[in-house]
Amino acid sequence: MPKIIKNSLLGVLCLLFSYPANAGVSVVEAFALQGEPKYAADFSAFEYVNPQAPKGGKITLPAYGNFDNFNPFIFKGMAFAEAAELTLESLGYSPVDDPTTAYPLLAEKFELSEDGSFIGFILDGDAKFSDGSPVTADDVVFSFNTLIEKGAPLYKIYYQDVEKVKKINNRHVRFYFRQGSNNRELPLILTQFKIFSAKDFAHKDFAMPMLVPPLGSGPYIIGDFEANKFVELKRRPDYWGKDLSTRRGFFNFDTVRFEFYQDTTVTLQALFAGDIDAREEYIAKIWVSGYDNKLVQNGDIIKEAIPHNNPATLQFFGFNTRLKKFSDAKVREAIGLAFNFEWANEKLFYNQYERLDSLFCNTDLAAKGLPEGKEKKILESFRSQLPEKIFNEPIVMPDNSSPQKQRQNLRRAVKLLQTAGYDFVDGKMTNLETGEPLEIEVLSNSSNGSSFTRVMLPFIENLRKIGIKMTFRNLEVNIFKNRLDNFEFEMAILAYQLSNMPGNEQKEMWGSQSADVKGSFNILGVQSTAVDTIINGLINAKETKDYLAYVRALDRVIMQEHYFIPQWFSPAQRIAYNKRLKHKKTNIKTGVNIHSWWLEE
């Protein structure tokens, strides 16, 4: 049962008398999945924002790729997701310094059942769409059912433990859970999906890409735009939630404009030329050497690395394990041994990065050492299905820090390939059963492909030494997305942003149920009974110690089965911005949230 912030006794009694009474039901202003909420019921603003930040001005930011759609919740089209974030609201909000707690947004109260059979949302009576119409329970019911029926396939999996959603009255809606689901994260998950206007979609097809902005209840509306070129959002002076504790200090710019670029490196000159006001830097070499000019020296452009407390972005070379040549973990491990992170970090990245060695780097969730206690017991039940090294070897990334170690790793790779049925034939690593040489195509997208070319060259050369031909292709963003959605690739450079509290989304990323669903996030095609059972265990765990054991068991299996080759991460976000932009200085590891910044002319 989540921890809660209760109202005063009088407030609770009033609310319980105002809505249908149920035994074992609490009406609360916030609830936490772990511990207690950080903020009291009467808090005025989150600690990491400036509630007195001045409003006004215009900021121009870069966006990458193309767009032909303002609905990012469907399978088709190239959606501009940031527009949805700024124009649509969810039922609750979780701040970066308390990410496992839900605080009020469209819902002013949360209704929690003692037996965990449902969660209810009591909507804020002031919540309105940008046309002035109220946000009602009908809109919540419509949004959820439409997301399941017409949204991207992943949502059916993500919300499969919801049995039904029911309108109680115009401001009260309940989500009932399937019997025996025990999904403790589900109440928090349901605070996060976006609410559409049922009236707005009465004559629109939700499943089709649209360039007519959907009616939203958020702080901005979409003003001027041109597909694939720019989108301009205008702050609503009549925004209903501007005085909410969860919204004070945010959304300070009158206008937010996004200019679209095909390559992240181009935006550096755009920043210096004044065409954009800020850009996040993804390339270490540019961060170290690309800002050495008078604008930076004079303080007109500010460089800042802002620490974050999020799980590290899981960035990797991913295998399409649906293909026979990548179905054997020994082949995948052998290919990974040829990737020289140490060389890339020193020669290309100026030692700015750390190697990813877990699904959950930068958190306490990562599996360390050998499995023990509950985690070991979980893994033992699948011992016949799992590689023996899961039980007797810690997760350790290959060390290629010297020529001698590189040669050792390549020799080890050859032995693994031979064990998997490969060997040299005319200098090519060949499948002895089929007679086919092992050749690999790696795909990337145009927004980051140019920077990866330098990384790929030594990788390609190392594989050539052991008879494997690798080619690297850089595709336009929409073509790249289409190839991934339809699983038409061999290897691809991918990145996942993982949750602070892994839960339902793990089914979508690694679960067998989503492996053959086009457009799902199980792009790698992971199909494993052990993985499926472990994911169900972490979703249904009631005790924190059991939850951690399942999370670490999942981490260990995914990493030791070599479904991907981990790349690197930074514990801070690097951003360069015009000196007119200001943000609150804090010891809280917030990362970059440009929508809590403001302009100081």
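Strands here are DSSP runs of E, at least two residues long, numbered from the N terminus. On that basis, and bearing in mind that the model is predicted, Lys-469 sits in strand S20, which covers residues 469-475. As for its neighbours, once residues up to four places away in sequence are set aside, Lys-469 touches Leu-438, Glu-439 and Ile-440. Trp-510 is another matter: 41 residues separate Lys-469 from Trp-510 along the chain, and their C-alpha atoms are 28 Å apart in space.

Turning to surface charge, Arg-407, Arg-411, Lys-415 and Lys-465 together make up a positive patch. Helix H13, spanning residues 403-419, is the biggest contributor to this patch, supplying three residues. Arg-411, one of the patch members, is found in helix H13.

Then there are the aromatics. The structure holds 53 aromatic pairs. Among them is the pair of Phe-73 and Phe-196, which meet edge-to-face, with ring centres 5.6 Å apart and 90° between the planes. Phe-73 lies in the loop that runs between strand S3 (58-64) and helix H2 (81-87), while Phe-196 belongs to the loop between helix H5 (186-189) and strand S10 (220-226), so this pair ties together parts that are 123 residues apart in sequence.

Notes:
Residues numbered from 1 in each chain as written. Predicted model: local features only at pLDDT ≥ 70, side-chain atom pairs only at ≥ 80, totals over all residues. Heavy atoms only, no water. Patch = residues over 30% accessible without salt bridge, like charges linked within 9 Å, V, L, I, M, F, W, Y side chains within 5 Å. Areas by Shrake-Rupley, 256 points an atom, 1.4 Å probe, with all protein chains shown as cover. Salt bridge = Lys/Arg side-chain N within 4 Å of Asp/Glu carboxyl O. Lys, Arg positive; Asp, Glu negative; His and termini not counted. Charge placed at Lys NZ, Arg CZ, Asp CG, Glu CD. Helix = DSSP H or I, 4+ residues; strand = E, 2+ residues; numbered from the N terminus. Contact = heavy atoms within 4.5 Å. Phe/Tyr/Trp six-rings, centres within 6.5 Å; stacked < 30°, edge-to-face > 60°.
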